[in-house]
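Visitor: Hi! I have a new structure open and would like a quick tour. Could we start with the empty spaces inside?

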Amino acid sequence: MTGESAAYQWGEEFLVLAHNSFGQMLKMFISGPGIVEDYIMKTGRWEPHLADLMSRFSKEGGVVLDVGAYIGYHTLNLASLSPGITCICFEPHPAIYGTLTRNVAANSLSNVQAYNYAVGDSQGTVSFYMQSKDNYNRALSTIHYHHEIGSFEETKVTSITLNDFLNEDIKSRVNVLKIDTQGNEYQVLKGASDILHKSRPLIAFEYHPHCGVVLEDIVNLMPGYDIYKMDALNGELRKLHEPDPNNFALDYVCIPRSL
């Protein structure tokens, strides 16, 4: 099933044929309905403009870090571009992590390492709020409880820092760092200072003000970067302090000035 809209029941599973930035086929197990799942079923992709931008920065011999991988479209997209790209991805939600690993296996991607961990600025065990299975956007599951997540189940997950978890060789070869953690972006970057210093990767993140961190504090963790806003729907880029048009759906794209 590719590029189609389908009526299906909660929890019903499909094997969908998606595609990467080169137009090559990707196999993905989809279970929903869900906002990410339905978009992939209809278009064969997820956040295509961001995916293509990250593809341009992914290099042979380099490493891509996908923090908050969900069911894995960005991981599959980048890892499928070349076996010489190492993709390391993290997804704390136990059930969604299971789908992520199934999707990696379905595409026979030996250059992917997937971990069922949260990522932040400290190591240990943290509470994680999993949205109920019938929530239309399970990607909002988070370690930062807030009213938007709706009905949920609390569980405990392992949290790591990228500084401590990755070895020095990996930290020196990171080309892309993508962060989608529903409010833990500041903590992820704070715990990834070695990577920002050693590799100067492209960084893409979402910003969630409900978690009490102001955007300026996140930006201050990335000296020497130019920060842009990207409309997730049409790919338009604007400078950080440019005014936004109505319904501007934001990702933040951070490009080191050395590039």
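Visitor: So how much space lies in the largest cavity?
Guide: About 50 Å³ of space lies in the largest cavity. Keep in mind as we go that this is a predicted model.

Visitor: Which residues line the largest cavity?
Guide: Its lining is made by Glu47, Leu50, Lys178, Ile179, Asp180, Ala204, Phe205, Glu206, Asp251 and Tyr252. Strand 9 (174–179), strand 10 (202–205) and strand 13 (250–256) are the elements that give two or more residues to that lining.

Visitor: And how does that lining divide into nonpolar, polar and charged?
Guide: Five of the residues are nonpolar and five are charged, with no polar ones.

Visitor: How many cavities of 30 Å³ or more are there?
Guide: The count comes to two cavities of that volume or more. The second largest cavity has a volume of about 30 Å³.

Visitor: What lines that second largest cavity?
Guide: Gly183, Glu185, Tyr186, Tyr207, His208, Val213 and Ile218 do. This lining divides into four nonpolar residues, two polar and one charged.

Visitor: Okay, changing topic to strands. Do strand 1 and strand 2 pair in the parallel or antiparallel sense?
Guide: Antiparallel: strand 1 (residues 13–19) and strand 2 (residues 25–31) pair over seven bridges. For a spot to look at, find Phe14, which stands opposite Ile30 in strand 2.

Visitor: How many residues lie between them in the hairpin?
Guide: There are five residues between strand 1 and strand 2. Look at Gly23 in the turn, which has a positive phi of about 85°.

Visitor: What about strand 8, which strands is it joined to?
Guide: Strand 6 (residues 118–119) runs parallel to strand 8 (residues 152–160), and two bridges join them. Strand 7 (residues 124–131) runs antiparallel to strand 8, with eight bridges.

Visitor: Nice. Which residue in strand 8 is the bridge partner of Ala118?
Guide: That would be Ser159. On the strand 7 side, Phe128 has Thr155 in strand 8 as its bridge partner.

Visitor: Where do side chains point along a strand like that, in general?
Guide: In a regular strand they alternate between the two faces of the sheet.

Visitor: Last thing: what pLDDT does the protein chain average?
Guide: The average is 89, and 88% of the residues score at least 70.

Visitor: And where does pLDDT stay under 50?
Guide: That happens over residues 1–5. For this stretch the model has 14 contacts beyond four places in sequence.

How values were computed. Residues numbered from 1 in each chain as written. Predicted model: local features only at pLDDT ≥ 70, side-chain atom pairs only at ≥ 80, totals over all residues. Heavy atoms only, no water. Pairing = 2+ DSSP bridges. Helix = DSSP H or I, 4+ residues; strand = E, 2+ residues; numbered from the N terminus. 1 Å grid on protein atoms, 1.4 Å probe; cavity = no way out; pocket = protein on both sides within 12 Å on 5 of 7 lines; lining within 4 Å. Points joined across faces, edges and corners; volume = space filled by probe spheres on them. Nonpolar A, V, L, I, M, F, W, Y, C, P; charged D, E, K, R; others polar. pLDDT = per-residue confidence, 0-100. Contact = heavy atoms within 4.5 Å.
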